[in-house]
Amino acid sequence: MIETDYTLPTKFDRLLHQPARLAIMAVLYGCEKADFKFLLQATELTKGTLSKHLSNLEESGYVDITKSFKGKYPHTSVAMTHQGRKSFKQLRKQYQAFIKMTGT
Amino acid sequence: MNQNSSAVNGQVDLDDLTRKTRRMEFDDGLNDLQNGIVFLVLGLLAAFGLSETGARWFISMAIKYGDLVMLIFIVLVAAIAGLLFGIRWAIDRYRKNSLWVQSGYIRSFRWQVDSRINILAVLVFLIVMSLGFAGMFWGNFDDGSDVRFLAAGAGIATGVVYAGMGVSLHLRRYLWVGIIGGALCATLLIVPVSFALSWAIMGAIWGVVLITSGVFAYASFRHTWVEHSND
């Protein structure tokens, strides 16, 4: 029998439990690193929104952002940190537990 | 996580996004081409190096020329390794500077196969190997079956890896590559060929299957790429 813990959603990582940031983290979870352009296409966010959320994730230590130049053009690449990977994994587990519990 | 998980966060299917990112490495078919070339090269080397003629030639050359032959051998091994790393490097440059310019660039994990698939492949390999030894022990198979089953086992296990990746990444092409390659390698279980030839056949099967898959995938990827460029 599954134990009912109605407080589970309150334990979700609030920074990650947001659709845009979740999408970014889900993409980064599948690779070592991705550039800004790839994230833009994969998440279908706008440049401004993606930038804002990436900054939030970087401040929390969930992603590493490297800025460089490719010829004349700026190039941004993003990688998930160990802490980010751990937190994302944990959140996925919590979602699964919540789904099981509520039967949705 | 299943589709229900998207209900929790409103709109994001986490698994699908992760899967699409992981699949990026295989979508353009270049990975298949690279692995196909590796199998062909290794198959050719095995055909010569593991054969009686090859071994005899190598020993006679070593006696005649001594250290020089060893040096050439080491240089040859290094050249093959260099060729393989060179292909990897060229693919990476090509993707970075041309093929993936529009889609954006990712660096994939070095090893993309799930641990469960790895374990299953190793189990399949061990079972096929044990069958070869057991069959020979009880006299059901021919004398060379133990070593021939080694190549067959490796080939079938490779098929399990590809089919498993096809399932986990939702990549139908790999499912078929795994089934076809694995089934063709299984013929080595019944065809009595020498040890060297069995490895050569296994290398040739996987070389041809992967290069064919790679060429088709690349052509289709390139077609989509050109269409997007014209938009």
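Visitor: Which loop of chain B holds B:His170?
Guide: This is a predicted model. Two helices of chain B, α7 (145-168) and α8 (172-186), flank the place of B:His170. The answer is the loop between α7 and α8 of chain B.

Visitor: What is the phi of B:His170?
Guide: B:His170 is a residue other than glycine. Its phi is nevertheless positive. The value is near 55 degrees.

Visitor: Does B:His170 count as buried, exposed or partly exposed, and why?
Guide: Count the C-beta neighbours of B:His170 inside 10 Å: there are 14. A buried residue needs 20 or more, and an exposed one has 12 or fewer. The count falls in between, so B:His170 is partly exposed.

Visitor: Where does A:Glu44 lie, and what is its phi?
Guide: A:Glu44 lies in the loop between α2 and α3 (47-59) of chain A. This residue is not glycine, yet its phi is positive. The value is near 60 degrees.

Visitor: Is A:Glu44 buried or exposed?
Guide: A:Glu44 has 10 C-beta neighbours inside 10 Å. The cut-off for exposed is 12 or fewer. A:Glu44 therefore counts as exposed.

Visitor: What pattern does chain A follow along the sequence?
Guide: Chain A has four helices and three strands. Read them along the sequence. The pattern is α-β-α-α-β-β-α.

Visitor: What share of the residues of chain A count as buried?
Guide: Chain A has 104 residues. Its C-alpha atoms fill a box of roughly 60 × 25 × 20 Å along the principal axes. The share that counts as buried is 33%.

Visitor: How do α1(A) and α2(A) lie to each other?
Guide: The axes of these two helices come within 10 Å and cross at roughly 120 degrees. Roughly perpendicular ends at 115, and roughly antiparallel means over 145. The angle fits neither class, so α1(A) and α2(A) are oblique.

Visitor: Is the crossing of α1(A) past α2(A) left-handed or right-handed, and which residues meet there?
Guide: α1(A) passes α2(A) in a right-handed crossing. From α1(A) come A:Ala20, A:Ala23, A:Ile24 and A:Val27. They meet A:Leu39, A:Ala42 and A:Thr43 in α2(A).

Visitor: How many nonpolar residues has the contact of α1(A) with α2(A)?
Guide: One residue in this contact is polar, and no residue is charged. The nonpolar residues number six.

Visitor: How do α1(A) and α3(A) lie to each other?
Guide: Their axes come within 10 Å and cross at roughly 75 degrees. Angles of 65 to 115 count as roughly perpendicular. So α1(A) and α3(A) are roughly perpendicular.

Visitor: Which residues make the contact of α1(A) and α3(A)?
Guide: α1(A) supplies A:Ala20, A:Arg21 and A:Ile24. The residues of α3(A) are A:Thr49, A:His53, A:Leu54, A:Asn56 and A:Leu57.

Visitor: In what order do the four strands of the open sheet stand?
Guide: The pairing in the sheet is antiparallel. Each edge strand pairs on one side only, and these are β2 (63-70) of chain A and β1 of chain B. The order is β2(A)-β3(A)-β1(A)-β1(B).

Visitor: How many bridges pair β2(A) and β3(A)?
Guide: The two strands pair in the antiparallel sense. In one of the bridges, A:Val63 has A:Met80 in β3(A) as its partner. The number of bridges is eight.

Visitor: Which residue in the hairpin of β2(A) and β3(A) takes a positive phi?
Guide: The hairpin has two residues between its strands. The phi in question is near 70 degrees. The residue is A:Gly71.

Visitor: Which residues of β1(B) are the bridge partners of A:Lys33 and A:Ala34?
Guide: Two bridges join β1(A) to β1 (residues 106-107) of chain B, and the strands run antiparallel. A:Lys33 has B:Arg107 as its partner. The partner of A:Ala34 is B:Ile106.

Visitor: At what angle does α2(A) run to β1(A)?
Guide: α2(A) lies across β1 and β3 (73-80) of chain A together with β1 of chain B. Its angle to β1(A) is about 85 degrees.

Visitor: Which element gives the largest share of the side of chain A that touches chain B?
Guide: In this contact, 24 residues of chain A face 23 residues of chain B. α1 (19-29), β1 (33-35), α2 (36-43) and α4 (82-102) of chain A each supply at least two residues of that side. The largest share is six residues, and it comes from α1(A).

Technical notes
Residues are numbered from 1 along each chain as its sequence is written. Chains are lettered from A and ligands numbered from 1 in the order in which they are written. This is a predicted model: local features need pLDDT of at least 70, side-chain atom pairs count only at pLDDT 80 or more; totals for chains, interfaces and linings use all residues. Two residues are in contact if their C-beta atoms, placed from the backbone, lie within 7 Å. Two strands pair if DSSP finds at least two bridges between them. Axes are lines fitted to C-alpha atoms, for helices over the stretch in contact, and angles run from 0 to 180 degrees between N-to-C directions. Angles under 35 degrees count as roughly parallel, over 145 as roughly antiparallel, 65 to 115 as roughly perpendicular and the rest as oblique. A crossing is left-handed if the near helix is turned anticlockwise from the far one by less than a right angle, and right-handed if clockwise. Ala, Val, Leu, Ile, Met, Phe, Trp, Tyr, Cys and Pro count as nonpolar, Asp, Glu, Lys and Arg as charged, and the others, Gly among them, as polar.
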